[in-house]
Amino acid sequence: MSVNGISGYSSAADAYSAYTQPAKTTNTDHSTNAVEESGVVYEPSSKTVTTDSSKKTYTPDTNLIARLKADAADRTAQLESLVQKLMSQQGNAYGEANDMWQFLAGGNYTVTEAVKAQAQKDIAEDGYWGVTQTSDRIMDMAKALTGGDPEKIEEMRNAFEKGYKEATKAWGKDLPSISSQTYDAVMSKFDKWAEESASTI
């Protein structure tokens with residue numbers, strides 16, 4: 001799921017705000033009447049605007065999105081650093097590797113005790129890359145992107161499924177079991193979100 005477009009929200013909002021501000025004009029005609037001098041002219045609208053105050057407005061949580069993106073970037077950099085060390089220790093220049101994920105998927109490497117310990121910690125049940133935390137982060141991002149709008153659940157679910165397929169393609173074969181467990185956990189959480197939303201309607 002791509003979230004690069006989120007950073008454009010603030011600039012789009014600024015552009016919209018500037019566009020909707022009334023233009024400043026200089027009145028050089030001294031023969032204006034009292035209505036024009038007041039600066040306010042009422043023009044009845046031909047359209048009737050109705051608002052439903054009971055309808056909830058959903059907006060993206062840009063602060064949470066930024067935090068999640070920064071955290072993911074830091075953790076991915078940490079993982080890449082571990083892989084780089086692993087590859088260089090085995091005589092494989094990092095730049096010569098076709099792809100980090102394909103290198104890992106190939107399994108043609110040995111792991112030092114330090115790298116093994118860090119990897120086991122990261123993918124443990126309560127680890128950063130473990131099923132629980134990873135699926136929670138995916139759901140946090142989905143809810144932050146939609147502002148929690150239940151009408152967007154299936155759109156987010158489809159985006160996750162697409163991302164999972166792309167990850168499988170990058171890996172070059174079926175993803176490890178921890179990934180399929182995470183997939184199942186995310187799908188279950190989407191189901192739960194949909195059930196909770198339906199019960200509040």
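This passage goes through the overall make-up of the chain and then the packing of two of its helices.

The model at hand is a predicted one. Its chain is helical in its assigned elements, with 8 helices and 0 strands. Read from the N terminus, the order is simply α-α-α-α-α-α-α-α. Of the 201 residues in the chain, 21% come out as buried. The accessible surface adds up to about 14600 Å², and 51% of that comes from carbon and sulfur atoms. As for how contacts spread along the sequence, take the pairs of residues at least 6 apart: 64% of those contacts link residues at least 24 apart.

Now for the helix pair. Packed helices are described by the angle between their axes and the distance between those axes. Helix α6 spans residues 131-146 and helix α8 spans residues 177-199; the two pack at about 45°, and their axes lie 9 Å apart. That angle is why α6 counts as oblique to α8, since it falls outside the roughly parallel range of under 35 degrees and the roughly perpendicular range of 65 to 115. The crossing of α6 past α8 is right-handed.

On the α6 side, the contact is built from Val131, Thr132, Thr134, Ser135, Asp136, Ile138, Met139, Ala142, Lys143 and Thr146. Helix α8 answers with Ile178, Gln181, Thr182, Ala185, Val186, Lys189, Phe190 and Trp193. Sorted by character, the residues of this α6 and α8 contact come to 9 nonpolar, 6 polar and 3 charged. Among the nonpolar ones are Ile138 and Met139 of α6, along with Phe190 and Trp193 of α8. The charged ones include Asp136 of α6 and Lys189 of α8.

Methods
Residues numbered from 1 in each chain as written. Predicted model: local features only at pLDDT ≥ 70, side-chain atom pairs only at ≥ 80, totals over all residues. Heavy atoms only, no water. Helix = DSSP H or I, 4+ residues; strand = E, 2+ residues; numbered from the N terminus. Buried < 20%, exposed > 50% of the residue type's maximum accessible area, 1.4 Å probe, protein only. Contact = heavy atoms within 4.5 Å. Areas by Shrake-Rupley, 256 points an atom, 1.4 Å probe, with all protein chains shown as cover. Axes fitted to C-alpha atoms, helices over the stretch in contact; angles between N-to-C directions. Parallel < 35°, antiparallel > 145°, perpendicular 65-115°, else oblique. Left-handed = near helix turned anticlockwise from the far one by under 90°.
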